[in-house]
Amino acid sequence: MKTEIIDAKLGIEKGATLIKNGELVVFPTETVYGLGADAFNEEAVKKIFIAKGRPQDNPLIVHISSVEQVMDIARDIPDTFYKVAEKFMPGPISVVLKKGDKVPSVVTAGGDTVAVRMPLSPIAREFIAHSRPLAAPSANKSKHISPTTAQHVYDDLNGEVALILDGGSCMVGIESTVLDLTTDTPTVLRPGAVTVEMLAEVLGEVEEKGKVIKIAKSPGMKYTHYAPKVHTVVAVSLENAIAEYDKCKSEGGKPVLVYRGIYGDKIEDRNLIDLGRTTEDYARNIYSALRDAEEKYDEIIIEELHGKGMEFSVMNRVYKSAGNKLV
Ligand code: TXA
Ligand code: MG
């Protein structure tokens, strides 16, 4: 199959026709690119698992373009959903609800709950509105780093999809928060840009499973995700990062520091991929940096962020990338 990349604004109609014909189309969102199929078409959804090499037991998020569409996807919708929706939808959050009958079980990996998300990206919503509610995982090969540009998608899925809608770089850069509202206490299964603190303000009580998730209620959490192809570590301090770098270099390796530019002067002439200045810059740029680094270097040393909120969310991904290896 030949994979075409078109400017997202120009490709909406073409993409919508492909979706209605049961094909896969990649579309941009504010978090990462999604690999979409008609959520109500079982055969189409099966193609997602094949294209990505995704395990069958890992459920997909259904993307909608208006809050009302949730009625087609879920049932027994709790009041807490509408509280969350009013504040954060559209936005970078997916909410787990009881599955509606119209959704084929391949979408939810056989489970009786379904994750629903309304993206903030207007182009994503326009695409969904013109096609169908879309079952979509991140548009990377299973276990690889999530894509934040159309080129990242092409590098992973060339030949596997007919069309990639190019909407430029994703603004948030890490995947949506996953919030489970089917449990007694609302539970964050995956932290994201809608932070645990922000949710606690609206819902009162929110549980957070923490960095090390032992019991995988969110099936995806048990898989290695976001992993670069080369040795990757998180540095708890800049001193440690530089020591690790110099050790790798002295052994004949080719290391790189993935840091915010505020440390530029201390890094001197060592290889650096600059993540920007703020936590938001860090999140937006981290996946691009890791894809770039794995091609050019043989050890990746990443800056650790120590705070709460978005810093906590982004470190959830970074620790996984490094297989929890700290220096
Ligand atoms: O930002 C995002 O969420 C992106 C864009 C494309 O929207 N999508 C994304 O999808 O990251 P994916 O499939 O790569 O990650 C979805 C996560 C997985 O960890 C999956 O196990 C979990 O959400 N999930 C999906 N449905 C679930 C459900 N019913 N119950 C619990 N976890 C669920
Ligand atoms: Mg993914």
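**Exercise 1. In which loop is Thr148 found? Place the residue and list its surroundings.**

Two conventions come before the solution. This is a predicted model, in which local features need pLDDT of at least 70, side-chain atom pairs count only at pLDDT 80 or more, and totals for chains, interfaces and linings use all residues. Residues are numbered from 1 along each chain as its sequence is written, and side-chain values use heavy atoms, with hydrogens and water left out.

Step 1. Thr148 sits in the loop between β8 (134-136) and α6 (150-157). Helices (H or I, at least four residues) and strands (E, at least two) are DSSP runs, numbered from the N terminus.

Step 2. Thr148 has 2% relative accessibility, so it counts as buried. Buried means under 20% relative accessible area, exposed over 50%, partly exposed in between (1.4 Å probe, protein chains only).

Step 3. Contact means heavy atoms within 4.5 Å. With neighbours within four places in sequence left aside, the contacts of Thr148 include Thr31, Val32, Tyr33, Cys170, Tyr287 and Ser288.

**Exercise 2. Check the span of helix α11 (residues 309-321) and describe its setting.**

Step 1. The expected span is 1.5 Å times one less than the number of residues. For the 13 residues of α11 this gives 18 Å. The end C-alpha atoms are 19 Å apart, which agrees.

Step 2. Of the 13 residues, 12 are buried, so α11 is largely enclosed by the rest of the structure. Among them are Met310, Val314, Arg317 and Tyr319.

Step 3. The buried residues of α11 pack against β11 (187-190), α7 (196-203), β13 (231-235), α10 (279-296) and β16 (299-303).

Step 4. Gly323 follows α11, and its phi is positive, near 55°.

**Exercise 3. Count the aromatic pairs and classify two of them.**

Step 1. Rings of Phe, Tyr and Trp (its six-membered ring) pair if their centres lie within 6.5 Å; planes under 30 degrees apart count as stacked, over 60 as edge-to-face and the rest as tilted. The count comes to three aromatic pairs.

Step 2. Phe27 and Phe127 are 5.8 Å centre to centre, with 45° between the planes: a tilted pair. Phe27 lies in strand β2 (residues 25-27) and Phe127 in helix α5 (residues 122-130), so the pair ties together parts 100 residues apart in sequence. Both Phe27 and Phe127 are buried.

Step 3. Phe81 and Tyr82 have ring centres 5.1 Å apart and planes at 85°, so this pair is edge-to-face. Phe81 is buried at 0% relative accessible area, whereas Tyr82, at 35%, is partly exposed.

Methods: Chains are lettered from A and ligands numbered from 1 in the order in which they are written.
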